[in-house]
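Colleague: I am new to this structure and would be grateful for a close look at one part of it. Could you describe how its helices pack, and continue from there to the sheet?

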Amino acid sequence: MWFKQLRYRIEQQCKVGMCDAFFDYTYEYQGNAAKLVHSPLTDKCYLTLVMGMKLGYGGNPYGPAGTGKTESVKALGQAFGRQVLVFNCDEGLDYKAMGRIFIGLVKCGAWGCFDEFNRLLEEQLSAISQQIQVIQWAIKEGQPSLELLGRSITVNKNAGIFVTMNPAGKGYGGRSKLPDNLKQLFRPVAMSAPDIELIAETMLFSEGFKHATKLSTKLVGLFKLCGQLLSAQQHYDWKLRAQKPIFVTGGTLIQQELKKGRKLKYEDEALILIKSIRVNTISKLTYSDAKKYEALQSDIFPGINSADIAYEELTEAIRKTVEDLKLQHVDNQVQKILQFYEATKQRMGVVIVGPSGCGKTTIWKILKMAYEKLNTQIVTHVMNPKSMPREQLLGLMNHDTREF
């Protein structure tokens, strides 16, 4: 048990490591960053990565989305006092672009975590594996400098390269299998199922819920049932990633109640949790699933009736806007507009999905006009992405100047 712990010790300077592998602590200032919930899976991941680094290899956590692959690498880097830079790989990166990133990492001794590494093009991967091989050899042998892309670079021995991947196939588009010569450079860690109950309980405690043990079991149970009993839609997600915003919203609501000086009983906390679940999930359910969800919720939280969060001013402004546009007042549509409003407050990007002619455009147009009635100006730009090439929409790399 003692060998499995991440330990710090002072020998002339601070060292950090596990088992018999120790590295320099590098004192990168992290600020008071949010911490990961520590679970047995995190321990397993740390141990494999640290032992891999001792042998001079990188680490490769792989598994489905939302299991904490990237977060574990970031958290380990934080424990080592390293700067961790996360890069999202896609077809647009070639071996020269990757080489430039590697040069920067090796010079400043930071860790690079290359997310979704198997989305790079197969023909680029073998050139990239050559570069990684050179870097790993130089760090392992303690070489002062190395040759990369025709340049001589000084080597900082604290640099590290990690890659994370989703499995090729199985509903993830555009992924390729890694070639064997690249697989050998990284120690794999399978991360398939995070300890959701443990994570949910700890997160609820940290957000200020006193009855987190009981509530976390119910929340995880509710999401498990939703995943099994509701229809399979492309945009549904009942995993950890969908639960995280619920904890945050719940924490905000609890702080508001505590500021009023209220003592919260179990029923009050359950009501707050239900409100934040509803804010984050009701909006994305189809009509028939919404009915099933209501039944599930009343089964899991019996006797607690939850009303959605009310917005009186906005609802009144929406009602006036509907009248001005000479539209029919439909309660369901007003609900959808309010849900859209809640989503815009929590997210940077919101997608409105549905068949054509079901009023998707009407929803955001009415909300925009309602905002204007409340004296908030909103600027909208309407674009049709089908009418322009991807490069125009997202930018591209100029192959001669290497500028984006």
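**Helix packing and the sheet**

Modeller: In this predicted model, the axes of helix α9 (residues 266-281) and helix α10 (residues 287-300) come within 13 Å and cross at roughly 165°. The two helices, α9 and α10, are therefore roughly antiparallel to each other. The crossing in which α9 passes α10 is right-handed. On the α9 side, Ile274, Ile277, Arg278 and Thr281 make the contact, and on the α10 side Tyr293, Glu294 and Gln297 do so. By character, the residues of this contact between α9 and α10 comprise 3 nonpolar, 2 polar and 2 charged.

A second helix pair is formed by α1 (residues 40-54) and α2 (residues 69-79), which pack at an angle of about 65° with their axes 10 Å apart. Here, too, α1 passes α2 in a right-handed crossing. Helix α1 contributes Cys45, Tyr46, Leu49 and Val50 to the contact, while α2 contributes Ser72, Val73, Ala75 and Leu76. These residues divide into 7 nonpolar and 1 polar, with no charged residue.

The sheet is open and has 3 strands in the order β1-β2-β3, with antiparallel pairing. Strands β1 (7-11) and β3 (21-24) stand at the edges with a single partner strand each, so one side of each is left without a neighbour in the sheet. On average, neighbouring strands are turned by 35° against each other, direction ignored. Strand β1 is joined to the antiparallel strand β2 (residues 13-18) by 5 bridges, and Glu11 stands opposite Gln13 in β2. Helix α1 packs on this sheet, touching β2 and β3, and its direction makes about 80° with that of β3.

Key: Residues numbered from 1 in each chain as written. Predicted model: local features only at pLDDT ≥ 70, side-chain atom pairs only at ≥ 80, totals over all residues. Heavy atoms only, no water. Axes fitted to C-alpha atoms, helices over the stretch in contact; angles between N-to-C directions. Helix = DSSP H or I, 4+ residues; strand = E, 2+ residues; numbered from the N terminus. Parallel < 35°, antiparallel > 145°, perpendicular 65-115°, else oblique. Left-handed = near helix turned anticlockwise from the far one by under 90°. Contact = heavy atoms within 4.5 Å. Nonpolar A, V, L, I, M, F, W, Y, C, P; charged D, E, K, R; others polar. Pairing = 2+ DSSP bridges.
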